[in-house]
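User: I would like to go through this model and ask on what grounds each label is given.

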Protein chains: 2
Amino acid sequence: MSSTADKILDVAQSLIVAGGYNAFSYADISDAIGIRKASIHHHFPTKAELVAVLVDRYRQQAELGLKALQEQFASPADQLQSYLNFWQTCIRDASLPFCVCAMLAGEMPMLPAEVASRVQAYFHMLARWLAAVLQAGAEQRLFRLDERPEDEAQMLMASVHGAMLSARAFNDPDLFVTIVNAQIAKLLVEDR
Amino acid sequence: MSSTADKILDVAQSLIVAGGYNAFSYADISDAIGIRKASIHHHFPTKAELVAVLVDRYRQQAELGLKALQEQFASPADQLQSYLNFWQTCIRDASLPFCVCAMLAGEMPMLPAEVASRVQAYFHMLARWLAAVLQAGAEQRLFRLDERPEDEAQMLMASVHGAMLSARAFNDPDLFVTIVNAQIAKLLVEDR
DNA sequence: TATGATCGACCTACTAGTAGGAAGGCACAG
DNA sequence: CTGTGCCTTCCTACTAGTAGGTCGATCATA
């Protein structure tokens, strides 16, 4: 039993994931959930505001999910792997075949300011989380880091987002798995 | 002295790089080069056709540039580094701050078929080139590959495109350099 | 005199956003 | 218990502007 506002955000999110900020309209949402355009404007006066709220929600959900991962798994290696498993599952079953913020990051130069700043906030949050996990893993001798944890985190994040792009370009969900698994293999100490 | 058609493609390319397929219109091009909308339709009847030609041109230019790199530098390590230097320069001076096809790859599900297939062709071409360079480098003991050359090529390509995304998200061109340099460092044998 | 390039004028469909009102729920005064 | 007023939600109907695209005329040049 989700509210109308939530339904609007859900549909908008799947449309953004499919084609970005400029690839959806209020009419699209209207058609998808059987509500008039004007009603959407009642909940979200402008498109920029709608997407800003959407990205905020997305970041909060991600933050909660990542924190839950840290509590569920003791080992940083398992925490990292289950983060990647999440995306592998999403991409394979096409439920959320792309990161909303990765999508929007490409459009940064043309995004409304209130959206762009929130996309940046997501990237900061994810980079922080990855760096913390990598650092903890390095201290436990689970990972061998060639660079500072923050830089290794940036590399990993770039790999994940780049792999999403490649999976789309080649229309091959398994390619995402291949790329990110090979990437973490380079971090694990038992290798080499 | 470039033809009108070339000027149209140049402007369209910079607009796509800024915001993707849906973020530019014939009117934008019209304003930018001082020609009427109808005249653009004379050269490129439809938007899909315009972008298809644009991506073809982009791939051909890239193919030529990469081949030139292989002739200019004997060492695969230098070939690879100068490919990355190209993007580092582009991103730092903001001349071509994003790969056209990486941009379009994100929009694949909503792209006209004739555009999508050409984006895929670019990805295939680049993956082939990178795999060849990596394999040659491995045979000369310049690189140590943990995976098959094709898979290492995919990882590298994902890193490059993901790093572009991150540089945009953080509004920090240097981040691109940090990520891709750290990534090739993992390939070079003198490390570790 | 044919050809390619450009143009103004136009078209239909769609864009984000607005105005104003109808229906329902809820609180409170009588 | 009823009436009144308010608030939220959703609606129809509308706006100005933009989207991609068409048509026929004009103009230069070969």
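Analyst: A polar contact is a pair of N or O atoms within 3.5 Å; within protein, one must be able to donate a hydrogen and the other to accept it, and residues adjacent in sequence count only if both atoms are side-chain atoms. This is a predicted model, in which local features need pLDDT of at least 70 and side-chain atom pairs count only at pLDDT 80 or more, while totals for chains, interfaces and linings use all residues. Residues are numbered from 1 along each chain as its sequence is written, chains are lettered from A and ligands numbered from 1 in the order in which they are written, and side-chain values use heavy atoms, with hydrogens and water left out.

User: What makes A:His43 a polar contact of DNA strand D?

Analyst: An N or O atom in the side chain of A:His43 is 2.5 Å from a phosphate oxygen of DNA strand D. The limit is 3.5 Å, so the pair counts. A:His42 also has a side-chain N or O atom 3.1 Å from a phosphate oxygen of that strand. B:Lys37 is placed at a base instead: a polar side-chain atom lies 3.0 Å from a base oxygen of DNA strand D.

User: Which residues are called near DNA strand D, and what makes them so?

Analyst: A residue is near a strand if one of its heavy atoms lies within 4 Å of it. By that test 17 residues surround DNA strand D, the closest being A:Arg36, A:Ser39, A:His43, B:Ser25 and B:Lys47. Of the strand atoms within 4 Å of the protein, 54% belong to sugar or phosphate and the rest to bases.

User: Which helix gives the most to that surface, and what makes it a helix?

Analyst: Helices (H or I, at least four residues) and strands (E, at least two) are DSSP runs, numbered from the N terminus. α3(A) gives the most to the surface near DNA strand D, with four residues. The elements supplying at least two residues each are α3 (37–43) of chain A and α2 (26–33) and α3 (37–43) of chain B.

User: How do you know what surrounds DNA strand C?

Analyst: With the 4 Å test, 16 residues surround DNA strand C, and the closest are A:Lys37, A:Lys47, B:Arg36, B:Ala38 and B:His43. Sugar and phosphate account for 55% of the strand atoms that come within 4 Å of the protein. Backbone atoms take part here: an N or O atom of A:Phe24 lies 3.4 Å from a phosphate oxygen, and a polar backbone atom of A:Tyr26 is 3.0 Å from a phosphate oxygen. A:Lys37 has a polar side-chain atom 2.8 Å from a base oxygen of DNA strand C. α3(B) provides the largest share of this surface, four residues.

User: Why is the relation of chain A to chain B called a two-fold axis?

Analyst: Copies are superposed by least squares on the C-alpha atoms of residues with pLDDT of at least 70 in both. A rotation of 180 degrees with 0.0 Å of shift along its axis puts chain A on chain B, at an RMSD of 0.0 Å. That is the relation of a two-fold axis. In chain A, the C-alpha nearest the axis belongs to A:Gly162, 2.0 Å away.

User: How do you know that the copies meet through the same surface?

Analyst: Contact means heavy atoms within 4.5 Å, and 45 residues of chain A are in contact with 45 residues of chain B. Of the interface residues of chain A, 100% are also interface residues in chain B, so the copies meet through the same surface.

User: What makes the buried area about 3900 Å²?

Analyst: Buried area is the accessible area (1.4 Å probe) that two parts lose on being put together, summed over both. For chain A and chain B that comes to about 3900 Å², with carbon and sulfur atoms giving 63%.

User: Why is the pair of B:Lys186 and A:Glu152 called a salt bridge?

Analyst: The term asks for a side-chain nitrogen of Lys or Arg within 4 Å of a carboxyl oxygen of Asp or Glu. The closest N and O atoms of B:Lys186 and A:Glu152 are 3.1 Å apart, and the pair forms a salt bridge. It crosses between chains, from the segment after α9 (173–185) of chain B to helix α8 of chain A. B:Glu152 and A:Lys186 also meet in a salt bridge, at 3.1 Å from N to O. The count between chain A and chain B is four.
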